[in-house]
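User: Can you take me through this one? I'd like to start with confidence and then go to the contacts.

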Amino acid sequence: MHFLAFGVAGWICVVGLYGAITSRNLVHLALCLTVTQSSTYVLLLAIGYRTHGGAPIFKGVKLGTTTVDPVVQALTLTDIVVSVTVIGLILALALDVHKQRGTVDPDAVADFKG
Amino acid sequence: MSDRHRIRGILALPALAGFGALLFWGLSGLPPFGHYHGQYGYLINNLALPQRHATNAVTAVVFDYRGFDTLGEEFILFAAVTGVVLLLRRERGEGEAGRTGRVTSDLLRWIGALMLGVALLVGLWVIAFGVVTPGGGFQGGVIVAGAALLVFLTASYAAWHRIASESALDPVEGAGVGIYTVLGLATLIAGAPFLHNFLGPGRPGTLLSGGSMSFLNWATALEVAAANLVLYAEFLEEYVAPAIRGRR
């Protein structure tokens, strides 16, 4: 039971990688990357969790109350927002490949030259 | 081609099993779930309120204790959006159907107008009280951008295009990341550490708490909202008016 959160993080990472390896579509490949990346969020939040810990917000809560770790929360929240725009960039690249080659199959563009 | 994929899938399985085993082995060495004893989080929890009068320790990390790192994150955001603009913003054809189409259902338009107001208010509230209660520039910026997208979904492309125009969004996006950088450099010139919190901490639990964190918070909100709107605008434009082929 205690290993469940870490197990989920590892599982999401491996599943995402499997999807990326067997991908036949660049859009699908980009989404697999997102899945792999999400495993880091689960891992970070799992590491920072403290049993019976509340949110690290001390509005109406006494200082010194047990809370989850605020540092990993900050890391996760900034990364979620930033990753959205990075995925946007990857999708724009996929769109560009489709415009130039008429396909989004990663194998068909393996010999791609700039 | 499909044979190739099947073989690749079969070959990947043992490799991923090995990788997964290594990963699980590594993860099993972490402190048990729920028993984290990191010192930084503990210190920040006990310092954010007395030092900065910020009741939200997460925002204190993002915009104060780890503010320099957030500047880096903002530049990733900025660079990614610039990349999208470079790739997608070029000569486009005229997609008349997409440009002139509008939502004709009165009910949908009314719901859209109501939702837009509510979503915008929630977004601004999440940004403004980022130092006090859960929220901040990153989360609120995304909500504000989502609210603006409702204009496209429940009114028309023409109305969306007016608010999400390149000439309006590009300067705002630049300003967001620019204000953040200038605030950091200004503290350097004044002889303090980079991004030093130069304002008094204010009364805890109010909008004036957290000192100069609020400025960084709002600058980030501008950057995130504008960056997301630029992304939406570029992809939607691509959808209604595909780029002219061959002319690049």
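**Confidence and contacts**

Analyst: Chain B has a mean pLDDT of 88 (the predictor's confidence in each residue, from 0 to 100), and 93% of its residues reach 70 or more.

User: What are the ipTM and pTM?

Analyst: The ipTM is 0.87 and the pTM 0.89. This is a predicted model, where local features need pLDDT of at least 70, side-chain atom pairs count only at pLDDT 80 or more, and totals for chains, interfaces and linings use all residues. Residues are numbered from 1 along each chain as its sequence is written, with chains lettered from A and ligands numbered from 1 in the order in which they are written.

User: How many residues does each chain put into the contact?

Analyst: Chain A gives 45 residues and chain B gives 54, where contact means C-beta atoms, placed from the backbone, within 7 Å.

User: Which element of chain A gives the most?

Analyst: Helix 3 of chain A, with 17 residues. Helices here are DSSP runs of H or I, at least four residues, numbered from the N terminus.

User: Switching to chain B, at what angle do helix 2 and helix 3 pack?

Analyst: Helix 2 (residues 39-52) and helix 3 (residues 57-65) of chain B pack at about 75°, with axes 10 Å apart. Axes are lines fitted to C-alpha atoms over the stretch in contact, and angles run from 0 to 180 degrees between N-to-C directions. So helix 2 of chain B is roughly perpendicular to helix 3 of chain B (65 to 115 degrees).

User: Which residues meet there?

Analyst: I44(B), N45(B), A48(B) and R52(B) in helix 2 of chain B meet A57(B), A60(B), V61(B), D64(B) and Y65(B) in helix 3 of chain B.

Methods. Helices (H or I, at least four residues) and strands (E, at least two) are DSSP runs, numbered from the N terminus. Angles under 35 degrees count as roughly parallel, over 145 as roughly antiparallel, 65 to 115 as roughly perpendicular and the rest as oblique. Two residues are in contact if their C-beta atoms, placed from the backbone, lie within 7 Å.
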